[in-house]
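Got the model open in your viewer? Take the stops below in order, selecting residues as you go.

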Amino acid sequence: MTEIEEIKTKQSNLFATMGVSNRKNHIRNVNDYYATEPLALEELLKKETFSNVWECACGQGHLSNVLKKHNLHGKSSDIINRNYGEVEDFLRSETVWNGDIITNPPFKFATEFVLTALRKVPEGNKVAMFLRVQFLESMGRYEKIFSQYKPIKVYAPVKRLQCADNGDFIKYNASCTMYSWFVWEKGNYNETKIEWINY
């Protein structure tokens, strides 16, 4: 065994001991479908007000059902038919939305989802995305988003919230990936505040 292979084996054993997965060794879902734990949205709704919400990457409805429970649901859609909501490619859709947008987008298209959502909603409306904390990094995202469109709030949970591969929370193996809610208000890009969600 080479030194690099030995290090990788030790790292994998450490992740196994911690009860988390190493995403580098994990084959990502083909459609990047990682369902959000509903508690994440329940906690956000204690901090922010929304209305007529479009959940544009709804999967099997984990977030949409929370929106319905709070009478905030306007529309649910996904590029894949998962027997929930409409089938619609959010990034190619010409739909303009007179309300707010909340979703956990496929990470590989997260930048495009943010920019598309901000184009689709009217001034003063909100876009909330459940994103990895590392979304704050990279010159590309800074130039395309943060230099022009600063979120009004970033909500960081004090405990790690789950995103389950292919919507399967039963088989879920806790990840070392950290997520936060990023909330934009269209037209208000002056300052970003960070708050913690303690539940």
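Start by selecting Phe90, which counts as buried because its relative accessibility is 2%; buried means under 20% relative accessible area, exposed over 50%, and partly exposed in between, with a 1.4 Å probe and protein chains only. A quick note before you move on: this is a predicted model, in which local features need pLDDT of at least 70 and side-chain atom pairs count only at pLDDT 80 or more, while totals for chains, interfaces and linings use all residues. Residues are numbered from 1 along each chain as its sequence is written, and side-chain values use heavy atoms, leaving out hydrogens and water.

Now add Phe113, which is buried too, with a relative accessible area of 6%. How far apart are the ring centres of Phe90 and Phe113? They are 5.1 Å apart with the planes at 25 degrees, so this pair is stacked. The rule here: rings of Phe, Tyr and Trp (its six-membered ring) pair if their centres lie within 6.5 Å, and planes under 30 degrees apart count as stacked, over 60 as edge-to-face and the rest as tilted. The pair links distant parts of the chain: Phe90 is in the loop between β4 (86-87) and β5 (100-103), while Phe113 is in helix α4, 23 residues apart. (Helices, H or I of at least four residues, and strands, E of at least two, are DSSP runs numbered from the N terminus.)

Next, pick Phe182 and Trp184. They make a stacked pair as well, 6.2 Å centre to centre with 20 degrees between the planes. Phe182 is buried at a relative accessible area of 1%, and Trp184 is buried at 0%. Add Phe107, Phe135 and Phe146, and you have a cluster that ring pairs link together with Phe182 and Trp184. By the pairing rule, the count comes to ten aromatic pairs.

While Phe107 is selected, show Arg132: it lies over the face of Phe107, at 4.0 Å from the ring centre. For a charge to sit over a ring, NZ of Lys or CZ of Arg must be within 6 Å of the ring centre and within 35 degrees of the ring normal. Lys126 lies over the face of Phe50 in the same sense, at 5.4 Å from the ring centre.

Time for the core. Which residues have the most contacts inside the largest nonpolar core? Select Ile101, Val127, Met129, Phe135 and Trp184, out of 22 residues in that core. (A nonpolar core is a set of buried Ala, Val, Leu, Ile, Met, Phe, Trp, Tyr and Cys residues joined through side-chain atoms within 4.5 Å.) Two or more residues each come from α4 (110-120), β6 (126-132), α5 (139-146) and β9 (179-185), and α4 gives the most, with five. Zoom in on Ile101: leaving aside neighbours within four places in sequence, its contacts (heavy atoms within 4.5 Å) include Val53, Trp54, Phe90, Ala117 and Val127. Apart from this core lies another, of 20 residues, among them Leu45, Leu63, Leu67 and Leu161.

Last stop: helix α5. Here Arg141, Ile145 and Phe146 are buried. They cover an arc of only 65 degrees around the axis (taken from the directions from the helix axis to the C-beta atoms), which puts them on the same side of α5. Their cover includes α4 and β9. Gly140 is also in α5, but partly exposed, with a relative accessible area of 35%.
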